[in-house]
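Grab your structure viewer and work through the exercises below. Each one sets a task and then walks through the solution.

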Amino acid sequence: MSTTDSVSLPYEELAAAVESAGTAKGDLTDSLIATSTWTDEMLAEAGIPVVDVPVVSVGGGIGSFVLADYLRQAGMPAEHYKALGALDNPWDTYEYLTRCSQIPRPERLRSDSGSTPDNIWGFPSYATREAMEAPGLVKKLDPLFNVATEPILTDYFTPRAGQVFKALEVEARRIGYDQMKAKGIVRMVRKRHGGGYFTILTPAAGTTTTKRVAYRSTYVHVAVGYPGLRFLPDLQAYRTTHQDFHRVVNAYEPHEHVYEELAKKPGTVLVRGAGIVASRILQRLCDERDKGSQIQVIHLFRTYVDGSHGPSMFLRRKGSHGWAFQGFNYPKSCWGGQYKHNLERWPDDKRNELWDNLGGTTTPHRKLWLNQLKKGRAEGWYREMVGTVDSVTPGADATVVSKVKTTQGVYDVAANYVIDCTGLEADITEHRVLADLLEHSGAVRNAKGKLQVERHFEITGTRSGVGKMYAVGSATLGSYFAVVDSFLGLQYAGMRIVDDLADEGFVPRIGIRRSISQWRRWVKKTAP
Amino acid sequence: MLPTLNGRIQTRIFLVGVIGSIWTIIITPFVALFVEGEPTLGDVYQVTFEILALVLILGIGWEFVYQGLMQFRWEKDWPTMFGYLTGINEGILVYLVADSLGSDPTTEWRAYLGAVTLLPFLIHFVSTWIVINLFAGNFMKMIFIRWRFRGGRLIGGW
């Protein structure tokens, strides 16, 4: 469990290990660290070996994979791309976070049927594939009926986590992704004199003769995922002061002990947050109750949504019992319709107003959750509170007491466990590579304080001769595209980047003929 | 696909104009079996393609209505089901317009519409409606890889 102020991710252990590794040969020098643009000679002097590759992707997660997938189908050979990162598989971090937040492989994600990071077309969709694999006619028709009638007669179809991971595995094998990645931690990306970039990789200790390896490339793709996931400040203060990482947990860190202990002894859980993660955690608590655990749940909302809400009749979102309902993390048209179009084209002031209207914490409308909580309210074991927390302190009988300020007054709420489901994202400078880009490579922040990228996802201000640097994912939220932190958003970014690289002459453009022929290869599972 | 108005119109033109035409070529000999009297196949083709042209022209008008209605939806989306259900209102309007145009056979094309009867019309219209919606939900995304991100536009860049 984490003792720092953000949720620890599995690869960070490797990062710490490689940073403290003893090899001093071929390490960064003070002069390199202080200089924003490097020459080939500076690296030679430092004894850092240089590897040439046209495209480097920093991260190695699903973002890196999706761009590789597009480029391979545009005609790029596998050896022209290196995804640098600590993960064994592109979905590792994603799977870790979803598993902790109670979406193991058999459970369903919050993702559309056509958001298919293993298939650049979104066809066949996950619903179609689930239907094809299902035994019996009724089971086959079920997902098809669901997508045909969503979200009017049914809740949105969403794929099982396991279906997505398995599909990614198959696609990775097909495009030869194994030879397109190198393992290690990226320390920084710097501009190169004469054009292009250097990306400094710290490989796992003992795998190379030098501490660092430099990748020299014309194009760099930054796909580092969440800069970090933070705890709520009051919970963080409690954890640091009382060194209690057992009773106050974040939904994104392993916390199975909470459910195990509650199965043995009755207890109260305080859940904070009103998004998808809170829904999943509440579902798990309800499931545990159904299995016999004597759990009382107190759900603390900061903002309580009582019904449809919004500034005008054209901007009203549904809600009830505290929750704001939305199928996905942004309104659907942010992926390719009206809102996406407006965010790309509107002037800054209008765009920023739209950003404000579209944002907010939401959860999907799912009948199971609504029924579980309805039952909890009726039976009295699920209680809602609205307010903010002033402080968190240890209480009697192994409890944690939250001082909650409500409109009716201040209450001491004692609970055996507190689960933080708010998913607060850290500032982008918490990620070393992003902080370095802001400091040395001319990158700037956007209106939301994240990394400013252009409509085609090039990082504003980072051009280096013929070289271009792109960024995707949650770090770029607030530029021209809302749904950066989603499968289909990564696919859109991949499409735009591949088109831009086609304009640069790096790959052929994916036109109708190539699209069809590549799709046929995908179906036959032959290499691109 | 999440539509914009421009995208709706472009998609409508492609789906009805291209996919609808291909389907009409295929289905018309079957439709002819249900036409009363002894018209030549060429005559039946004349009628089915005139109907298809009405679906296209009136449909472009409908797209403005749909786009307006969509503004009341928070997500600014157009669920798959709506794509199928709007066949009801569109089908009724096309039939009524064909009937009214055909009642005044002053020109040859109007006279052909005068020959429209309900059963052959339904076979042609309903099957075409299903085919173009199935195509939009499936193969369209594969042939035009950027289409789903561009609000349904096929031309005009990003």
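**Exercise 1. Cis peptide bonds**

Where in chain A is the place of Pro124(A)?

Solution. Before you start, note that this is a predicted model, where local features need pLDDT of at least 70 and side-chain atom pairs count only at pLDDT 80 or more, while totals for chains, interfaces and linings use all residues. Residues are numbered from 1 along each chain as its sequence is written, chains are lettered from A and ligands numbered from 1 in the order in which they are written, and side-chain values use heavy atoms, with hydrogens and water left out.

Step 1: Pro124(A) sits in the loop between helix H5 (92-100) and helix H6 (126-133) of chain A. Helices (H or I, at least four residues) and strands (E, at least two) are DSSP runs, numbered from the N terminus.

Step 2: check the bond from Phe123(A) to Pro124(A); it's cis, with omega near 0 degrees.

Step 3: do the same for Glu150(A) to Pro151(A), which is also cis, with omega near -15 degrees. Pro151(A) belongs to the loop between helix H7 (137-149) and helix H8 (161-175) of chain A.

**Exercise 2. The loop around Asn119(A)**

Is Asn119(A) buried or exposed, and what does it touch?

Solution. Step 1: Asn119(A) is in the loop between H5 and H6 of chain A.

Step 2: its relative accessibility is 0%, so it counts as buried (buried is under 20% relative accessible area, exposed over 50%, partly exposed in between, with a 1.4 Å probe and protein chains only).

Step 3: a polar atom of the Asn119(A) side chain lies 3.0 Å from the backbone oxygen of Phe123(A).

Step 4: leaving aside neighbours within four places in sequence, the contacts of Asn119(A) include Pro124(A), Trp519(A) and Arg148(B). Contact means heavy atoms within 4.5 Å.

**Exercise 3. Tyr492(A)**

Which helix holds Tyr492(A), and which residues does it contact?

Solution. Step 1: look in helix H16 (residues 487-503) of chain A.

Step 2: Tyr492(A) counts as buried because its relative accessibility is 0%.

Step 3: beyond neighbours within four places in sequence, Tyr492(A) contacts Lys340(A), Glu344(A), Phe457(A), Phe481(A), Phe149(B) and Trp158(B).

Step 4: now take Ile120(A), 372 residues away along the chain; its C-alpha is 9.2 Å from that of Tyr492(A).

**Exercise 4. Positive phi**

What is the phi of His321(A), and what is the phi of Lys525(A)?

Solution. Step 1: recall that most residues other than glycine have a negative phi.

Step 2: His321(A), though not a glycine, has a positive phi of about 50 degrees. It lies in the loop between strand S13 (319-320) and strand S14 (323-324) of chain A, and is partly exposed at 38% relative accessible area.

Step 3: Lys525(A) isn't a glycine either, and its phi is positive at about 60 degrees. You'll find Lys525(A) in the segment after helix H17 (512-524) of chain A, partly exposed at 41% relative accessibility.

**Exercise 5. Two helices in chain B**

At what angle do helix H1 (residues 5-32) and helix H2 (residues 41-70) of chain B pack?

Solution. Step 1: the angle is about 155 degrees, with the axes 9 Å apart. Axes are lines fitted to C-alpha atoms, for helices over the stretch in contact, and angles run from 0 to 180 degrees between N-to-C directions.

Step 2: H1(B) and H2(B) are therefore roughly antiparallel (under 35 degrees is roughly parallel, over 145 roughly antiparallel, 65 to 115 roughly perpendicular, the rest oblique).

Conventions: Polar contact = N/O pair within 3.5 Å; in protein donor to acceptor, adjacent residues only side chain to side chain.
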